[in-house]
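Here are my notes on the model, point by point. Have the viewer open while you read.

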Amino acid sequence: MPPAAAQHPRPLRPTDVLKHEHRRLEERLGTLSAALELLGERGAENSVLDRIEETASHIDREMAVHHRKEEEGLFPVLTPYLDRHLNLDGRIADHEDLRIMSGKFQTAIDECRADDADLFAAQMLRGYGLYIVHLVLEHLLKEDQILFLVAEHCLSAEEEAEVFRRFQSIDTSVSATV
Ligand SMILES: [Fe+2]
Ligand SMILES: [Fe+2]
């Protein structure tokens with residue numbers, strides 16, 4: 001006889017959707033790190049810069065939608081349950097920092113393209129890129145291990161349904177612009 005959990009699978013929760021997006025972002029961040037490491041070996045070859053730029057722009061697009069789901073979907077519904085120690089503003093500030101760094105990262109890519117013989121520019125791009133990857137991974141870990149735990153513990157079925165409605169409207173507005 002199958003276990004009870006197999007007979008009655010737990011309903012999907014908003015945090016499951018966000019965690020799934022985290023795993024996809026981690027995969028892309030792994031691809032970005034591997035391409036950045038190549039800069040240390042070969043300098044700023046165009047094919048490597050192309051791969052870095054393409055992967056970074058995928059990450060930017062996916063993170064923009066993901067951040068909207070958190071900032072407009074989960075966070076407003078979760079706010080009443082958070083005490084000062086959890087510092088929701090800190091997480092929104094993280095998002096803003098990551099957006100700013102992504103703009104600077106693009107500038108570093110452009111500088112490498114301007115002079116592909118400049119090994120220093122390639123090394124700076126590599127170092128800066130790996131640092132951003134580290135910060136994003138740390139942010140995902142914080143949410144997975146702390147914020148989402150609070151959400152899963154506190155939100156009622158009605159509140160989770162409200163978060164899902166907000167996710168749906170974000171997905172609809174994004175697909176209308178693609
Ligand atoms: Fe986030
Ligand atoms: Fe997140």
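1. First, a term: helices (H or I, at least four residues) and strands (E, at least two) are DSSP runs, numbered from the N terminus. By that rule Ser 169 sits in helix 6, residues 157–177. Overall the protein has six helices and zero strands, so the pattern along the sequence reads α-α-α-α-α-α.

2. Housekeeping. This is a predicted model, where local features need pLDDT of at least 70, side-chain atom pairs count only at pLDDT 80 or more, and totals for chains, interfaces and linings use all residues. Residues are numbered from 1 along each chain as its sequence is written, while chains are lettered from A and ligands numbered from 1 in the order in which they are written.

3. Confidence. pLDDT is the predictor's confidence in each residue, from 0 to 100. The average for the protein is 89, and 93% of the residues score at least 70. Among the elements, helix 3 has the highest mean, 95, and helix 1 (residues 4–7) the lowest, 57.

4. Overall dimensions and burial. The C-alpha trace spans about 60 × 45 × 35 Å along its principal axes. I call a residue buried if 20 or more other C-beta atoms lie within 10 Å of its own, exposed if 12 or fewer, and partly exposed in between, with C-beta atoms placed from the backbone. Of the 178 residues, 22% count as buried. Two residues are in contact if their C-beta atoms, placed from the backbone, lie within 7 Å. Take the contacts with a separation of 6 or more: 80% of them come from residues 24 or more positions apart.

5. Helix lengths. The expected span of a helix is 1.5 Å times one less than its number of residues. Helix 3 (residues 46–78) has 33 residues and reaches 45 Å between its first and last C-alpha, close to the 48 Å expected. Helix 4, with 27 residues, should span 39 Å, and its end C-alpha atoms are 40 Å apart, which agrees. For the 36 residues of helix 5 the figures are 52 Å expected and 51 Å between the end C-alpha atoms, which also agrees.

6. Bends. Here the bend at a residue is the angle between axes fitted to the seven residues ending there and the seven starting there. Helix 3 has a kink of about 30° centred on Glu 70. Helix 5 bends by about 40° at Glu 143. Glu 143 is also one of the buried residues of helix 5, a list including Arg 126, Gly 129, Ile 132 and Val 136. The cover over the buried residues of helix 5 includes helix 2, helix 3 and helix 4.

7. The cores. A nonpolar core is a set of buried Ala, Val, Leu, Ile, Met, Phe, Trp, Tyr and Cys residues joined through C-beta atoms within 7 Å. Which residues touch the most other members of the largest one? Among its 18 residues they are Ala 44, Ile 52 and Cys 112. Helix 2, helix 3, helix 4 (88–114) and helix 5 (119–154) each give two or more residues to this core. Another core, of ten residues, lies apart from it, with Phe 148, Ala 151, Leu 155 and Phe 167 among them.

8. Cys 112 up close. Outside its neighbours within four places in sequence, Cys 112 is in contact with Ala 44, Leu 49, Ala 121, Ala 122 and Leu 125. In helix 4, Cys 112 is buried, as are Leu 88, Phe 105 and Ile 109. These buried residues of helix 4 pack against helix 3 and helix 5.

9. Leu 36, in helix 2 (residues 14–42). Why is Leu 36 classed as buried? Because 23 other C-beta atoms lie within 10 Å. Beyond four places in sequence, Leu 36 contacts Ile 52, Arg 126, Gly 129 and Leu 130. Its C-alpha is separated by 9.5 Å from that of Tyr 128, 92 residues apart along the chain.

10. Back to helix 6. Ser 169 counts as exposed because it has 12 C-beta neighbours inside 10 Å. The C-alpha atoms of Ser 169 and Gly 73, 96 residues apart along the chain, are separated by 9.4 Å. Arg 166, also in helix 6, is partly exposed with 18 such neighbours. Not counting residues up to four places away in sequence, Arg 166 touches Glu 72 and Gly 73.
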